[in-house]
Structure formats: C-alpha cells, structure tokens
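Student: I have a model open on the bench computer and would like to read it slowly, one step at a time. Could we go through it together?

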Amino acid sequence: MSITTLRTSARDIPAIGGPLSWMRTGRGWPVLPLAILIPFVFIATFANLIAPYDPTEPIPGAKIFEPPFWAQGGSFHTLLGTDYQSRDVLSRLIFGARVSLIVGVMGTIVAGGLGTALGMLAGYIGGWVDQVIMRVTDAWLALPAIVFAIFLATMVGPSMWNIVIILGAVYWTRYARVIRGEVLSLRERDFVKLAEIAGASRTRIIIRHILPNVMNSTMVLASLTIGVVIIAEASLSFLGVGVPPPQPAWGSMLADGRSMLMVGDWWLTIFPGLGILLVVLATQLLGDWLRIRLDPQQRNL
Amino acid sequence: MPPLLEVSELRTHFTSFGGTRVVKAVDDVSFTLDEGETLGLIGESGCGKTTTCLSIVSLLPPAARIAGGRIMFAGEDLTKKTQREMRHIRGRSIAMILQDPMASLNPLFSIYMQVGEPAYYHQNIRGRSLRQRVQDLLRSVRIPSPTMRMRDYPHQMSGGMRQRIVGAIALAGGPKLIIADEPTTNLDVTIQAQYLDLLKDLQEDTGVAIIFVTHNLGIVAKMCDKMAVMYAGKIVEQASVRNLFDAPKHPYTKALLSSLPKLGSKAPLYAIPGQPPNLARLPTGCAFHPRCRDAIPLCTEHEPQETRFGPEWTAHCWCAAQAMQEAYDRASA
Amino acid sequence: MGQFMIRRTVYALITLFILSLTIFTVVRLTGDPVTLMAEPGAKDADLALVRAEWGLDRSLPMQYAAFLKNILTGELGQSFNYEMPVSTLYFQRLPNSLELALAATLISFVIGIPAGIVSAVRVNSPWDHVGKTIALLGLSIPGFWLGLVMILVFSVWLEWLPTSGQGDWRNLIMPAIALGWYFAASLLRLTRSSMLEVLRSEYIKLAHLKGLPSFTVIAIHAFKNALIPVLTLAGVNLVVMINAAVIIEVIFAWPGIGRLLYEGIFQRDFPLVQGVVMEAGIMIVLINLIVDILYAYIDPRIRLAR
C-alpha cells in the first residue's frame, strides 16, 4: 500500500467532536444533529403533504423572481420567493430535501454495502481475489472523486437513481480498503481460527464472524460518507449532470440561481446552500458522536 | 551540610472528571539524597514512582498537580518555582533519563544537535566549542569515533548506543542530580550490565547523585546506596540497601526480596498474591493489607504510622512496629 | 531501496492500466457515444462516418489497443470540438489551474496549519474549539456555495472584487478561498492530530527535560515531526486541486482544466472528457509515486524498514 494513501482508515481520520460539548447537551445524546436531521427526514418524507405548491409547475399569477415575504416586493403566498419560472422556492427546497435524503442515504448504502462486501472478500480470501479487488481500489481511488463522478454521470446520463449508483461506485473504494485491513487482523483471531477448525464454510465465517466485527467501522465510515455524497450530488446537479430538470434538487437550484446572483437575487442562492450546509453539518456531528461512541480511543483526541 | 535533595511530605494528586474524583498518586512521600549518592526507588508499576520523579522536575501531566509538601533542591523549594525558572534547572541541574531509548530521541535531528542542545541553551556554548563539548560527552559515554557518529541520526544506532546517547544528553548540562526512570528495561541483559557499569563510572567521575527508578531489585543491589520501597503512592520502607536486603521490616519489602531468584537456592520463588491496588479505590487502613501474609485486624482499620528502626531506616507497618515494641519491652524488662 | 522503487513503479503502472481499462469500459458500456453526441436527426451515413473516423467500427480489443496507443503517445485522443489532441488542450490549461491551485494551497496553509497547531498545543481550550469549528464547517460548507456567497457579498453588494475571469490577485482571491476552504479544514484536522501524536511522544518529553523553552520544543522539535504527513497531504491535495476544481472554475469562469472538463460535458465532447479524466488519473498516480519515493528518501526509517 502506498504511504500517501495510508491515512484512509476510519481511525486515522481524527474525530473532531469529542469535547464539542456546546453542541451536545443532555446525557451525551447528539441533540443538535438530531434537531436538524429529524425535521429534515420528516420534511423529505412528507414533501408532497407539506409543500404549498407543485415544485415543477409555475404558480399561476405569480411573478418570476419574487423575493421572500419579508423583503420588498415579496408576498405571503410564496414565503421564500419564486424562481425564473415563477415556481415556489420553498416547495422546491422541500422536494429538494427529498432528493438529498434519498441520494445521500441510498448512495451511502450502495457504497457501504459494496465496499464492505468486497473488502471482506479481499481480506478473508486473499490471493488473487485480494489482488484484483485492491488494485481496482487503488486505481479508482487515484481519481478525484468528483472528477470520476462527473465522468460516470456524463457517460451514464442524468437521473436520480443513476446518481445513486454512480456515487455508490465512486465511494465504495474507501470502505473496501479500511474493511480489508480490519479483516486481515480479524482473520488471525482465535474465534475465526476456531470456526475454521470446526469446519465452518467460508461464507458462514464471513457472515457470522467477520461481518459483525467490521460493522462498527462500516457505520463510522457511513456517517462520514453521507455528507460527502450529499455534496457530491449537489455538485453533479449544479453542473447539470445530476438530477435532471424539472425535478428540484438543491444543486440544480443553485445553478438556476447563479445567473441572478449578479443582480442580487440572493434567495435563490442562499436557501439551497443553507439546506446543504445544515444537513451535512448535522451528519458530520452525528458521525463524530458515533465514532466516539464506537471507538473509545478517539475520546481523548 | 544540608542534603542535595530533600523531598518532604510530597503529595501529587490527579483530578479527573472535572475534579469530582481525586487520585492520590503520590501521598506523603519523603526522602533525602546527598551529593553523589544513589537512591533506588522501587515498586510495582503504577505505584507512583514516575509521578514522584515528574513532580521533582515539574513536568506533570495536565491532570496532575502538587497538592502539598516541599521539594528542596540545593537549598531551594522547587514547588515554588515557575515553569520559566524550572526550565533553567531542568537539563542543567537536574537531568532525567526516560524509559525508552528508541522513543526518547527525535528521529529527525542529528545526534550532534540533540546532545548539544542543553549546552547550547544553558551554557551558551556555540560553534567549535559546542562540537568539542558534544564529542567529549559522546566519548564519556563510550561512543566509538564520536566525531563521525555525532553526524548520525538515531535510527543509525543500536538500542544500547541510543540509550548511551540519552545518557550523554543527561550529562550535557553538568547536572547535580540524574533521575533515571527504568533506563534499562528495554535493553538486552548484557547491554543492560554495560550501561549500568557506565552510569556507575560516570557517577564516580562527576559526583552526580542518581535516583534510580526500577522494579528490578538486582539493579538496586548493584547500583544504589539506599532504597525506598513504594506501594500505592506511599514509601512503605526506606533504608540503606544493605539493611533492607539483610533484614527487611515491611512485609511488602520481604515479599519483593523473596521473589528475587537467589544463586544456588532451590527454594521456590515467591509471588505476591493479588493485584496492585487501584489508586482510585484504595482499601482502608494499610493499602497492602489485602495482599499481606501478616495482616492483623489493626491493619484493616488504621493507616500504619512511621516506625524508626535505625538512623535512616523507617517503615510503615503495624506488625513491624509491634515486633519492635515487643523487642524493646523485652530488652527493658 | 532500488527494490522499493521498482515495486512502487510497477504498482503505479498497474493502477494506470486498470484506470485506462475502467475509462474505456465505461465509455463503451453506456452504448454508442456517437448517438449520444450527435445532433438529433443526424443521418445514419454521417454517424457511420464519425464511427469510422474514431475507429468505433472496429472490434473492442482493437479499440482498446488504439486507446492505449493514444495514451502512450501522450495525445489522449482528439477532441471532437477543438479538433486538437486532448493533451495539448490539457497542458494549455494547466498553468491556469496550477495558479489557482497554488493560491488555494497557500490559503489552506495559512488557515489550516496554524489553527491545527494551536488547537493541538492548547487542546480543549477555547482556541481548540475555534479550530474544531473551522474543521467542521470546512467539511460542511460546500466550497462552490461559499464561492457563490462570496460573489454575492464582495462583488454584488460591496463591489470590492470582480466576479469572475482571470487577471490580477483580485480575480484570484475568491476562487482560491472557495477551492482552498475544504483543504484548509482537512489540513487543520491532520495537523492537529499529527501534532497531538508528536506532543505525546517521549522525545518531546525529553526536550522539555532538557530545559528548552516551550516555544522551541513546539516550533522545532514537534513541528518538524508533525509536518511530514501534513506536507504529504498538501502535495497530493495540490494535484487534486489542479484537476478537480471543476465547479469553482465554472463559477468564476476560470480557464483551467476543470472548466475544460465542463466544456467537454456540455458540448458532449466524449473524447475530451475521457482524455481529461485519464490525464488527471496519470498526474495523480505519478505524483503519488513521486511523493512515496521522496518520502522514503526524506524519512530514513521508511527506507530501512523496507
């Protein structure tokens, strides 16, 4: 393994949480992250009940580029203003949350599932299986994630579920490398040796003995990946190779708002960005909390 | 003449969990050391030996602080010194040798720089005379061809050589006291013996006093003039090495000595039963009573007082005190 | 040492081979690039002509051989739009990307390293909390959104800085901050943890025992040791920034490699996209190889351990 890529294990990425106590009060529960994430998931899930308008259709009678209600020229019908097609920004934000949630969670599940499975295979079986998987991991890790994702998205074509698969394909390598490393040491432990002596099959050993022991690392990595995936989706959508219009996504909303930035129509840029910021911040904090929970060694860092 | 170092009633406490729990790592420790003398500080790991030493050089971890007592060194109380003042004492008057020679040297700096630093900062020696000084120091710790070797980096040296380099660093400021914290635990036995001989020779040449922290009684017997046995943050017995090896008074000292293999003896080695105590949850009375063969009811209730057996010989043990009392009564009857 | 270099080089070549295979496969997997690229209503005969021109009518192994040949000659194929070798375009844009990446590296150093050191030296103090908050926000605020907000504030509202384009330092400052932001946070985290690790070491304890001033201990003894992983990361980051600054370059109309990739996407110039991605991969694999070998030279422990 290369020295420059050594620092890719979950343990090597230092948790910064720890004593960020002002963000965590109340018996060590991650209050702030949950205070953001629970409403976020709720809004994303019930978007069609909460959103005041259809996010993809212009509001009849509304002007384009209406500012939020408190600014001059704003109205209470469209609380956060309208965009270039006189669509309701609030409704688009609410439906955009759904895209971020789905892509963030599903992309992480695909990446984590694929990476954990291949990492376990590489680590436990070894030999040429290990060589093939790890060389592919090295090669795919060499490309900057966003460049690789843009390349895949350009070739595969835009759709939300394509983006899920693409981001899964881009980010599984991080899991594979960490999990393989852990399996290499697990393989030498007594309980695995005993199971081998008792004649358990490889499949059984991997599922019954290896998998439960690497789940902690997978969870910690997943908590780190989810924010990264959400930002990656926003980036792809911003560049127009992500979630295709007219489906609202925070990234494409930012792209739409960009042309109006010069004339000072700030609401088209500020709100989607704040959405990304809050959600990613919350997942980061939750991830740090989880890491400290699952890995007591991190507590002192 | 007053002793070089006089530690009296030193208490060093660790506070954790925001001050809710106090661990008395060093609890009422007193000893003295004259110039050129060697004191062996022995005990199991976690008994407070290292904390005692770090208190002297005032390099305690952030959670620890000196809660009481005095450390008189060359007529000055070190507990009253600021960190800035302590800096001029550390490396100049008091040096310390750490446990792990592999880890004690900075991998990215040459031997010359690391050995020369104390002289550079404390004595303002520069240039050619600094090079000369480093060469002399390396020669004194028997590094062959020092002119060549001082350009080397730590990884180019063997473990024994590195520990001698650490010794040279300790000598660099011309100290009056060297604290050696288990300096040989990570060395091979033959190298260990060489290193101890070296320290002894250096002590004869320079007249430096040494505190030798160890759990190896063989080293104490070889190196030290007197010894102090620590258990659970306290010194349970101290005396000259000869006295303690001949007639230990405290059951813990006895147990330690009987766990030492003797040449030609066929008697089985004695292992002290039980575990060293958790300093956060000490037993009542004498901390050693749960593991003590001779414990009497009194031991579980009251902390033993100091009993004096000779001019420089004290122990904290009810049994030993009673035996002493009986002998005294019998003699006076 | 020689063996180490040979092994690392072989690994780098394998990595590049797999990368080329990946890129080749992805382009072919998704169907016929010509149909994806063609204008709606293009004639079949025209399509066939384009296919023949690109060698897409040949068998897959032949196509792959042609692709490899393109890589090995350093041309990386012809851009459809510019009708120039991709590598020529890439190296035309490289100085611009390098300029931006160097400025962003400077920003990430200025923020990340001092804050990381202070955070580690004064661990759990208010300073540390500030450092940790920067680290947290660095990973949570998307750099491109930061760029948009900066344009809004400094160009539109305050009218201090030009919104986009290349020119003097005033054109450079916002894209450099937007790009360097994330990397500042990651440098901060690494500096902090690396510094904490070093500060706990025995040789730092010995440095204190020598009676050195605390500043000397931190600035000379600890910093030099903590710096090795930090500089390694910064070196790799620089190459990543050169190649991956797509959105930042789009937002600030910066004529670099990222923008070249974006143009390729928009004009459906598949050879260009494919070539730029491959070139980015080659650059990064090479820099990793160089850093590994340099590292082995700098740190003798590694040299001896292998």
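Student: Which residues in helix α11 of chain B are buried?

Tutor: Bear in mind that this is a predicted model. A residue is called buried if 20 or more other C-beta atoms lie within 10 Å of its own. In helix α11 of chain B, which covers residues 251-258, the residues that meet this cut-off are P251(B), Y252(B), T253(B), K254(B) and L256(B).

Student: And which elements do the buried residues of α11(B) pack against?

Tutor: Contact is judged here by C-beta atoms that lie within 7 Å. By that criterion, the buried residues of α11(B) pack against elements of chain B, namely α9 (217-223), β9 (226-231), β10 (234-240), α10 (241-246) and α13 (318-332).

Student: Turning to the chains, which pair shares the most contacts?

Tutor: One pairing can be set aside, since no contact joins chain A and chain B, and their closest C-alpha atoms lie 13 Å apart. There are 2 pairs of chains in contact, and the pair that shares the most contacts is chains A and C.

Student: Which helix of chain A gives the most to the side that touches chain C?

Tutor: The contact between chains A and C takes 44 residues from chain A and 49 residues from chain C. On the side of chain A that touches chain C, at least two residues each come from α4 (127-142), α5 (145-156), α8 (202-239), α9 (250-261) and α10 (267-294). The residues of that side divide into 32 nonpolar, 9 polar and 3 charged. With 8 residues, the element of chain A that gives the most is α5(A).

Student: How many residues of each class has the side of chain B that touches chain C?

Tutor: This contact takes 24 residues from chain B and 17 residues from chain C. At least two residues each are supplied by α2 (83-89), β6 (94-97), α3 (101-104) and α4 (111-122) of chain B, and α4(B) gives the most, with 4 residues. By class, the side of chain B that touches chain C has 13 nonpolar, 6 polar and 5 charged residues.

Student: Why is G257(A) classed as buried?

Tutor: G257(A) lies in helix α9 of chain A, and, leaving out residues up to four places away in sequence, G257(A) touches D265(A), L268(A) and T269(A). The cut-off for a buried residue is 20 or more other C-beta atoms within 10 Å. G257(A) is buried because the number of other C-beta atoms within 10 Å is 24.

How values were computed
Residues numbered from 1 in each chain as written. Chains lettered and ligands numbered in written order. Predicted model: local features only at pLDDT ≥ 70, side-chain atom pairs only at ≥ 80, totals over all residues. Nonpolar A, V, L, I, M, F, W, Y, C, P; charged D, E, K, R; others polar. Buried ≥ 20, exposed ≤ 12 C-beta atoms within 10 Å, placed from the backbone.
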